[in-house]
Amino acid sequence: MARKVRTTFLYVVASVLICASLYHHHLRNAISTFSSDHLRPSPAIISTSSSGNYAIHENLTDATVPPHDTTSVLLLSLSPSPPAAAAAAISTTAVLLPEWEVLVIVSPETAPSNLDGNYSCLYDTNEATPAKFAGVLPFPDRATFSCLLPPRSRRRLPFKQPVLSESPPENHHPARDSPSPALIRWSHMVYDSLTTEDDVVLFVKGVNARQGINREPSEFRCVFGEDAINGVKTAVTSSMQEVFRCKRPPLTPSPSRPAKVSLQIVAENQVVPSVAYYTPPRTLAPSPQNSVLCATTMVYDITKFLKEWVVYHSRIGVEKFLLYDNGSDDNLESAVADLIKLGYDVTTYFWRWPKTQEAGFSHSALYAKHSCKWMMYLDVDEFVYSPSWQNHSTPSKTLLHPFIHLSNLSKLGQISINCHEFGPSDQTAHPKMGVLQGYNCRRRFENRHKSIVLLDAIDHSLLNVIHHFYLRQGYKARKLGTNNIVVNHYKYQAWPEFKAKFRRRVSAYVLDWTEKLNPRSNDRTPGLGFAPVEPTGWAQKFCEVRDNKLRDLTLRWFGVESDSGFRMTWQR
């Protein structure tokens, strides 16, 4: 009798444990499926390995700034019940960017103008996230959409590409003719190409991954065509940073049916994933007369600063502006259109790829070569100024010319200009009259430099580091003193503006500030930690010298009386 009771008791206990386990498993999946901003997964680190080819190293912490407003991201559970209809799949390729952002690139066969509805990214895990239009990649034109990789999908390797669908995700399943391919890693891919009269230039991330260490060109081949095995291959002539130059293939590039182009690592028999195409040669649209001096910069959400920067530099001699848009989300297109209406020559190039500033500048050196003689490389918080201009009552479009015309005498190929770094100057918000009027206190000693480069003098490798280029043999660079010319760098602005720098550093070889490595780097800000937390007394920091020279000069040049009071030309 006792044995029977004991057996029954054990049976009951085992049944309870099994039921509890099943209930816990079901509840965990339910929570994962309906995860929201209030039910976020704990920070996860997924490390790249040779076997996990599509994994990325990603550390989500409270300091991470997501690419979207997470309160607007709805994760939907796609019911396994019989579907009403299959979702209409659009041919796409998808890339996994930092912070779990997925960039979905629509095939060039689908014109961007045909995609004007509301879209979602549908995943193999029966989850969906809203897809936001993210711009058009050029040459050939391809619409892009940005969405988030949902929590459950982050736990499965390899990470799978979503289906882009206009259909309501609640009632439809992702439709594919074959299993979902793995997401391309943003840190290992061919992301753009440029055809010149003589060769084809590929922009490749993850091959020359360390600054100053570049693999030999003989280790690679450029591959043209969808078939990586049987595609046309040509020799690589230069391998430097993220720029690879190769011979043109015996193929005529077609604007209507462009061919894929990629990079083969010969010894590993590996072809780097690519979203780039082999297209006809292209350049920045030339003016009736080529410009003597242009300016290039890479931008992200800088619309509020742009007009001041363009107006000022246009009035001292910059004729054309080329902006590499790094994924702006602040109506940059509208701001540029307004400047064009006012007569300024401003062009944007959609350059969506993170941490590719050096490659973008290399691209511009070729892209603008037939439109510009000299190119100035600086950021939108930097303004070139010469103390000799103090005697000018009005600006002049020839003020910068004496510095570049020195080349007629000395085979000069590059001018390096030192920077003065300005602090918050007691400002707690963006100054209404602009940075030139708002910030007037700086650090005592100059730091770093920016450059004006003769495009014909740039080395074949297109190698550049911190806004200056390596030059062809026979050309030389000259570094000018701050008594001749200087860049006022309004670097440490009011905290609401400055903290945006924590999002991501644009250089390929500079650590993001949230990474707890190399804390003594010159790129880091003294006194800051690894999170965007305002230090005590920020508004008074970096103030060693009161410098009103450019402030007073621009007030005289651009200040106007209006019905609403004294204002600057660039104010709205």
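## A salt bridge to start with

Glu219 forms a salt bridge with Arg215, and their closest N and O atoms sit 2.9 Å apart. Why would two side chains like these get together? Side chains of opposite charge can pair when their charged atoms come close. One thing to keep in mind as you look around: this is a predicted model.

How does this pair sit relative to the surface? Glu219 has a relative accessibility of 28%, so it counts as partly exposed. Arg215 is partly exposed as well, with a relative accessible area of 24%. The story doesn't stop at two residues, though: Arg215, Glu219 and Glu268 are linked in a network of salt bridges.

## More charged pairs

How many salt bridges does the structure hold? The count is 18. Another of them is made by the side chains of Arg443 and Glu421, at 3.3 Å from N to O. This pair links distant parts of the chain, 22 residues apart. Arg443 is in the loop between strand E24 (441–442) and strand E25 (449–454), while Glu421 belongs to strand E23 (residues 412–421). Is Glu421 buried or exposed? Its relative accessibility is 3%, so Glu421 counts as buried. Arg443, with a relative accessible area of 24%, is partly exposed.

Lys549 and Asp547 give you one more example, with the closest N and O atoms 3.9 Å apart. That still makes a salt bridge because the cut-off is within 4 Å. Here Lys549 is partly exposed at 43% relative accessibility, whereas Asp547 is buried with a relative accessible area of 8%.

## Rings that meet

Now for the aromatic side chains. A search of the whole structure turns up 33 aromatic pairs. Take Phe224 and Tyr278: their rings are 5.0 Å apart centre to centre, with 70° between the planes, which makes the pair edge-to-face. It links distant parts of the chain, since Phe224 is in strand E12 (residues 220–224) and Tyr278 is in strand E17 (residues 277–278), 54 residues apart. Phe224 counts as buried, at 2% relative accessibility. Tyr278 counts as buried too, at 2% relative accessibility.

Tyr312 and Phe383 make another pair worth finding. The ring centres of Tyr312 and Phe383 are 5.6 Å apart and the planes lie at 65°, so this pair is edge-to-face. It also links distant parts of the chain: Tyr312 is in helix H2 (residues 303–315), Phe383 is in strand E22 (residues 382–385), and they are 71 residues apart. Both Tyr312 and Phe383 are buried. What do these two rings belong to? Ring pairs link them into a cluster with Tyr385, Trp389, Phe422, Tyr439, Tyr490, Trp557, Phe558 and Trp570.

## Left-handed disulfides

The structure holds four disulfides. One of them joins Cys121 and Cys147, with the sulfur atoms 2.2 Å apart. The link of Cys121 and Cys147 has -90° about the S-S bond and is left-handed. Cys121 lies in strand E4 (residues 119–122) and Cys147 in strand E6 (residues 142–148), so the disulfide ties together parts that are 26 residues apart in sequence. Cys121 counts as buried at 0% relative accessibility, and Cys147 counts as buried at 0% as well.

Next up, Cys294 and Cys372 form a disulfide with their sulfur atoms 2.0 Å apart. The torsion about the S-S bond of Cys294 and Cys372 is about -90°, so this disulfide is left-handed. Again the pair links distant parts of the chain: Cys294 is in strand E18 (residues 291–299), Cys372 is in strand E21 (residues 372–377), and the two are 78 residues apart. Cys294 counts as buried at 1% relative accessibility, and Cys372 is buried with a relative accessible area of 4%.

## A right-handed disulfide

Cys441 is joined to Cys543 by a disulfide, S to S 1.8 Å. Which hand does the link of Cys441 and Cys543 have? With 80° about the S-S bond, it is right-handed. Cys441 lies in strand E24 and Cys543 in the loop between helix H8 (495–498) and strand E30 (545–546), so the disulfide ties together parts that are 102 residues apart in sequence. Cys441 is buried, with a relative accessible area of 1%, but Cys543 counts as partly exposed at 31%.

What pattern do the disulfides of the chain follow? Counting bonded cysteines along the chain, the pattern is 1-2, 3-4, 5-6, 7-8.

Notes. Residues are numbered from 1 along each chain as its sequence is written. Side-chain values use heavy atoms; hydrogens and water are left out. Rings of Phe, Tyr and Trp (its six-membered ring) pair if their centres lie within 6.5 Å; planes under 30 degrees apart count as stacked, over 60 as edge-to-face and the rest as tilted. Helices (H or I, at least four residues) and strands (E, at least two) are DSSP runs, numbered from the N terminus. Buried means under 20% relative accessible area, exposed over 50%, partly exposed in between (1.4 Å probe, protein chains only). A disulfide is a pair of cysteine sulfur atoms within 2.5 Å.
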